[in-house]
Structure formats: C-alpha cells, structure tokens
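This report describes the fold of one protein chain and then follows the pairing of strands within one of its sheets. Please keep the sequence and the structure in view while reading.

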Amino acid sequence: MAVWDKNLLWSFMFLLAGAVGQTVIYRFTSTCAVRGSTLTLPCTFTPLKSFSDGRREVPLKIVRVRWCKNHPICHGIVPSVYDSDSANNDPRYQYLGDKKTNCTLQIRDVQQGDHASFRFRMEADHYEGYFTNMTGVTVRVVDSSRMRIISSSEDEKLSRGETVTLLCASVCTFHQLEVTWFKDGHTLSDTGPSLRLSPLTAEDSGNYTCALKSITETLSEPHSLQVEAGAGGNLPPIPGVVFVVLLAVIALVLFIIERYKSV
C-alpha cells in the first residue's frame, strides 16, 4: 500500500475513533466579515475522558489543539493557522480558548485569504483522543464598504426620557464588530455594534456616525437624532414643588377650620 494511502487510512481511523464520546460545536457554520475587521469564531469542545485498551480504562489528556484552513481533517503536517505546539503562529490568528472546553478563534485584520473553511482539531496523549469536526466554519470575506446606522425607532424626533438604540451594521453582518462611534464628529467611548441612549436628553441631539475600528473608509452616512421636550418638559421643577406645598397648606388650614367648627 502506498504511503499516501496509509496516511489517509490512519486519518480516517483516528476520525472514527474520536467520533464517539467527544464533540466540537461551532456556534455558526458560516459567516462573513469585512476585510480589515476582526472576526471571532466561537467554538466549544468536549474531549474524550478515557478509553478502554481491553484490560482497563486509560485516562486521556488533551495535549494539542489546532485550527486549520481548507482541510477536512487538519492532521499531520497540514499547515495550521494556529497550533498550540508551534511558537511561530501568525499573530493575526488569536486562540482565545484552552485545552479543556473552549476552542474559540479570533481572526484580526481579516484578509481575502481568510475567505475559506476553518476547522478545529483536538489531539490527546493517545490517538483515541484525536478528533476533528469536519463541518467547520465557512468564512466569506467582502471588501470594505460604508457602514449604515439602523435605529430602533422609526420616529425622526424623539421625546426626552425615551430610549433609542442605534445599530452600526455592514452589508455583510453586524455581529461581533469592533466599531468607533462619533457624535457631531467627536469620538464616543462605545466600541460595540450597538449604541443605547437612555434616558434621552436634549444633549443627545446631534448627528451620529460609525465606522469599523481603524478603517476610516467605512464611515457611515450621518444619522440625525432630535430630542424634543416631552409633555410638561419645559416646566421648571421648583414651581411644581411650590404648588404641591401650597396644596398641603390649604388642606391643613381646611382641616383646622373643620375641627374648630366641631368644638
């Protein structure tokens, strides 16, 4: 049998051996990312705890984890985008997981070469604990394009005290994006894809824009937000308090008069 055939046979033997009692779960199996952005591929795994050698149960320990691109099994000398055994991993690929249950991978500064299928592989201290989920995650990369802002309210004018959420979305996706928010050209501290304003005040009025972090060409068109005073919103608080006190005084006077009459 040729060497290639032997390697392929062993690969599928390892795959079948690991198919029982262990799993790899990708939160989603397909996604897209804007070139230059940061993409996170959430992933969890359950390793095989032990196996029987015919005489006893032999405990297993995960000793190596890998992420590969465009390979169904991610084994042997197949190049990895991340390999826990390697000291020369590309810094664009950050492993946010561990060797226990978390196998999340983060891809920074997404490039067209990341338009591919990514798969996670775990390897224990015995081949019985080798396993790859061949489903993987398919990533589609699109060129930079302008973001757009979606408001939770259809009203162009909102009242003071209300709540509104602005969502910074791309033509590709709007989850897990690192964005920069601006109000009237000034940078805000929020970096998530959604901006929640609550309760609204007159100071929240202005033009809002957003862009992918460090990618200025993705700056969105301005979204105008106008906050108007609600009903009674222009009444100063002090006269209102005086009015309540005055009512209390009148009530007290009437009470004293009634008591006097009854004496």
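## Strands and sheet pairing

The protein chain has 2 helices and 21 strands, where helices (H or I, at least four residues) and strands (E, at least two) are DSSP runs, numbered from the N terminus. This is a predicted model, in which local features need pLDDT of at least 70 and side-chain atom pairs count only at pLDDT 80 or more, while totals for chains, interfaces and linings use all residues. Residues are numbered from 1 along each chain as its sequence is written, and side-chain values use heavy atoms, with hydrogens and water left out.

Of the 263 residues of the protein chain, 38% count as buried, that is, under 20% relative accessible area (1.4 Å probe, protein chains only). Among contacts (heavy atoms within 4.5 Å) between residues at least 6 apart in sequence, 61% join residues at least 24 apart.

An open sheet of 5 strands follows the order S15-S21-S20-S17-S18, with mixed pairing; two strands pair if DSSP finds at least two bridges between them. Its edge strands are S15 and S18 (186-187), each of which pairs on one side only. Three of the pairings are set out below.

| Strands | Sense | Bridges | Opposite residues |
|---|---|---|---|
| S15 (residues 157-159) and S21 (residues 223-228) | parallel | 3 bridges | Lys157 and Gln226 |
| S20 (residues 206-212) and S21 | antiparallel | 3 bridges | Tyr208 and His223 |
| S17 (residues 179-183) and S20 | antiparallel | 5 bridges | Trp181 and Cys210 |

Strands of a sheet pair through backbone hydrogen bonds, either parallel or antiparallel.

Note on methods:
Buried < 20%, exposed > 50% of the residue type's maximum accessible area, 1.4 Å probe, protein only.
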